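Reader: Hi, can you walk me through this one? I'm new to reading structures.
Author: Sure. Take a look, then ask away.

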Amino acid sequence: MSDVVLFEEVSKRFGDVRALDNVTFRMSENINFLLGPNGSGKSTAINLMAGLVRRDSGNILILGRDPHDIYKIIRKVGFLLEKYWFYESLTGYEHIVLAAKLKGIERPEAAARKAVEMVALGEYSEKPIAGYSKGNLQKLALAHAFLGNPELVILDEPFANLDPPSSKHLIRVINELSRGGVKFVISTHVLSYIEELRGHVVMLDKGRVIYEGDLRDILNKIRGLIVVKGRPLDTLASILESAGFKYTILDDKIVVKTSSVNELSKILKMAKDLESFELKRGIIELEELFRLGGATWFSK
Amino acid sequence: MVLEMMKTEIKEITRFPLMDLYLVIFLILVSLWMAFHPGRATLMVANSPSEALQMMSRKILVMSYASIEFLIAVLTSLLVALSIARDYERGRVHLILTLLPSRRWYLLSKIVSCSLPPTISAVFSFLLGLLVIFVTIPLVESIIMMCIVLLLTLFYSSLTLLLSLIAKRLIPSLVISTIVALFTNMISKTLVYFELHKIPTFSIIPPLCYRTVLTVSFNMGPNSINPYVLVPISITYIIALLLASNYYFNNIMEVGK
């Protein structure tokens, strides 16, 4: 399978900040994820892919081309960047038509219409952008990325500002397009949104790749975590300690890594000194995970 | 493709009452000039009423028009600086660069679209001014002047384009552009007042010569600088600044940070 994105020993500094440090990874699946907490270097990697930033060292290939030659294949790639701002005097539809013309797409009106339908912008597409909500602006930005049947779509935080139904709709669109052969690179720090997708993951932390593998594996690891809230917290901690559970205290809660939920629940119910407790099982977001020292759980 | 981009840029720029403000300020300037320069008018000797009108138009209105050079320079500087820095800060540069096949087209469309509204409004105001005082139009001089105004505007645009690319951020861009516009105009005025324009070597600095040209071309005096020399020099300067902007944009400026 040919590489969609290839990073070879790529480094990038902004002044004293090392945004990417000797990063090497390849993405060749239909859906690829770039995960990591805020400040991990995801957006820098995306900007490097878009050719908006110059790397200090290393090699990058997007569909087999250097990002600074990406203009030669611009019609094949669609981008959603973290930062965007539109011509607010235009309507959403007019803006996408303009973008289609700038991209050199044949029959720009038809392409724009299709992109608008794809993101379900609805009646708002005929209204001036100046009056758009953040959610509609995000949809419009997504429509720009899907414009003109691209081979590769690179999305930086695609779920930002979207409400749950819109996020679900986007998931459906991504799944449909990927089944049709469109490749995706999706950067996000919100795991709960991508639960329903499958694909290859590159996880970044502090500008380094800390994990490469399947999204299912990561989700399974995280599902093994249980969040326990209880009062008093120090009593809860000592109960877990004496029962031999591995745990981490995070603000007002404790995260326990265990597969035996029933046993944990039973122990807590029997504890006399505990005023109250609550167990929560599910996806823990990356920000929390990394605050818990999650980086060590994803060692390569 | 670039035309589409320019059209959209101009539409975006003219969302604000730029033309209206420009016209009002121009008319105020003309009125002030006419009010404070009666002495100059009394020195004119005319042989016929039509000649008197023509001299009035040349000596008063055209000179008043020449004083708008400052306004055009400042306005264009601010417009270009605002436009580029705002695009950069809010992320439009990023969006456009993921669509456009070349960054050069972005810069070109930006500079032309920012220079056109001030130039067009200057021409419009000038014609309106002529109509107001009902004088014969000094046609050839007017056309030369329009060309010079356009060159001047493009020169300032390209200069401030480079400066705002270097400054990146909105406030520094505005401050630098204003200082540059003020400074170059101040030198220009000083040179004219001290008649340094007589020294031909100064013709290598186009913006400093515009006022000289505007002054002498209508006086038709012996110190007139040949526009056939000035125009190519100006164009060379504009191209040089645009190339420098393009180099800076492509190689030095990191758009993503």
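Reader: Let me start with one residue. Is B:W105 buried, partly exposed or exposed?
Author: First, a caution: this is a predicted model. B:W105 has a relative accessible area of 37%. Buried would need under 20%, and exposed over 50%. So B:W105 is partly exposed.

Reader: Where is the place of B:W105 in chain B?
Author: It sits in helix α7 of chain B, residues 103-133.

Reader: Which residues form a nonpolar patch on the surface with B:W105?
Author: B:M1 and B:L108 join B:W105 there. Together the three have about 250 Å² of accessible area.

Reader: OK, zoom out. How many helices and strands does chain B have?
Author: Chain B has 11 helices and 0 strands. Read from the N terminus, its elements are α after α.

Reader: And how much of chain B is buried?
Author: Buried residues are 50% of its 257 residues. The accessible surface of chain B is about 11,900 Å². Carbon and sulfur atoms hold 76% of that surface.

Reader: What about contacts in chain B between residues 24 or more positions apart?
Author: Take the contacts with a separation of 6 or more. Residues 24 or more positions apart account for 79% of those.

Reader: Now chain A. How many helices and strands are there?
Author: Chain A has 9 helices and 13 strands. It counts 300 residues, and 54% of them are buried. Its exposed area is about 13,500 Å², with 46% supplied by carbon and sulfur atoms. For contacts with a separation of 6 or more, residues 24 or more positions apart make up 66% in chain A.

Reader: Which residues have the most contacts inside the largest nonpolar core?
Author: A:F7, A:F25 and A:M49. That core has 105 residues. Helix α2 of chain A, residues 92-103, gives the most to this core, with 7 residues.

Reader: What does A:M49 touch?
Author: Leaving out residues up to four places away in sequence, its partners include A:F7, A:F25, A:L34, A:I62 and A:F79. A:I154 and A:V185 are also among them.

Reader: Which residues does the second core include?
Author: A separate core of 14 residues includes A:L236, A:I239, A:I254 and A:A271.

Reader: Switching to rings. How many aromatic pairs does the structure hold?
Author: There are 5 over all chains. A:F7 and A:F25 form one that is stacked. Their rings are 4.6 Å centre to centre, with 15 degrees between the planes.

Reader: Why does that pair tie together parts that are apart in sequence?
Author: Because A:F7 lies in strand β1 (residues 5-14) and A:F25 in strand β2 (residues 17-27) of chain A. The parts are 18 residues apart in sequence. Both A:F7 and A:F25 are buried.

Reader: What kind of pair do A:Y124 and A:Y132 form?
Author: An edge-to-face one: 6.4 Å centre to centre, 80 degrees between the planes. A:Y132 is buried, at 9% relative accessible area. A:Y124 is partly exposed, at 34%.

Reader: Last one. Is A:N32 buried or exposed?
Author: Its relative accessibility is 0%, so A:N32 counts as buried. A:N32 belongs to strand β3 of chain A, residues 31-35.

Reader: What is A:N32 in contact with?
Author: Setting aside neighbours within four places in sequence, A:N32 contacts A:M27, A:F184, A:V185, A:I186 and A:H200.

Technical notes. Residues are numbered from 1 along each chain as its sequence is written. Chains are lettered from A and ligands numbered from 1 in the order in which they are written. This is a predicted model: local features need pLDDT of at least 70, side-chain atom pairs count only at pLDDT 80 or more; totals for chains, interfaces and linings use all residues. Side-chain values use heavy atoms; hydrogens and water are left out. A nonpolar core is a set of buried Ala, Val, Leu, Ile, Met, Phe, Trp, Tyr and Cys residues joined through side-chain atoms within 4.5 Å. Buried means under 20% relative accessible area, exposed over 50%, partly exposed in between (1.4 Å probe, protein chains only). Helices (H or I, at least four residues) and strands (E, at least two) are DSSP runs, numbered from the N terminus. Contact means heavy atoms within 4.5 Å. Accessible areas come from the Shrake-Rupley method with a 1.4 Å probe; for residues, only the protein chains shown count as cover. Patches are made of residues with over 30% relative accessible area and no salt bridge: like charges are joined within 9 Å, nonpolar side chains (Val, Leu, Ile, Met, Phe, Trp, Tyr) within 5 Å. A salt bridge is a side-chain nitrogen of Lys or Arg within 4 Å of a carboxyl oxygen of Asp or Glu. Rings of Phe, Tyr and Trp (its six-membered ring) pair if their centres lie within 6.5 Å; planes under 30 degrees apart count as stacked, over 60 as edge-to-face and the rest as tilted.
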